[in-house]
Amino acid sequence: QVQLVESGGGLVQAGGSLRLSCVASGNNINVMRWYRQPPGKRREWVAGVNSGGGTNYADSVKGRFTISRDNAKNTVYLQMNSLKPEDTAVYYCQADDSQFRNYWGQGTQVTVSS
């Protein structure tokens, strides 16, 4: 079983930055992703990175967020710049293993004030 541990959430003013981290236990992790769930809304995909470092992003965060991966540390990051109040959400780390099973972190709260 893969365990995901997230950190880095908190309260920040609009225009500020945060970096989220997610450390995965075990190995054989393929794609790693970030999702978020704003208050009262459905969970949505934010960004993904494959094992070779290729990335993609939701339109809402392109140019502001950067996902990256350190395979040696089995860690994925989400650098969030130019934060907006609408970025307020619980952010979740998600990973797929080589058997196509998916795992989720516990979520970390990001709150952006006006």
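Q: What radius of gyration does the protein have, set against that of a compact globule?
A: This is a predicted model, in which local features need pLDDT of at least 70, side-chain atom pairs count only at pLDDT 80 or more, and totals for chains, interfaces and linings use all residues. Residues are numbered from 1 along each chain as its sequence is written, and side-chain values use heavy atoms, without hydrogens and water. The radius is taken over C-alpha atoms, and the globule rule is 2.2 Å times the number of residues to the power 0.38. For 114 residues a compact globule would come near 13 Å, which agrees with the protein's 13 Å.

Q: How many helices and strands does the protein contain?
A: Helices (H or I, at least four residues) and strands (E, at least two) are DSSP runs, numbered from the N terminus. Along the sequence the pattern is β-β-β-β-β-β-β-β-β-β-β. The count is 0 helices and 11 strands.

Q: Which residue stands opposite Arg36?
A: Strands pair if DSSP finds at least two bridges between them. β4 (residues 29-37) and β5 (residues 44-49) are antiparallel, with 5 bridges. In β5, the residue opposite Arg36 is Glu44.

Q: Which residue in the turn between β5 and β6 has a positive phi?
A: β5 runs antiparallel to β6 (residues 55-57), joined by 3 bridges. Their hairpin has 5 residues between the strands, and the positive phi of about 95° belongs to Gly53.

Q: What share of the residues is buried?
A: Buried means under 20% relative accessible area, with a 1.4 Å probe and protein chains only. Of the 114 residues in the protein, the buried share is 45%.

Technical notes: Buried < 20%, exposed > 50% of the residue type's maximum accessible area, 1.4 Å probe, protein only.
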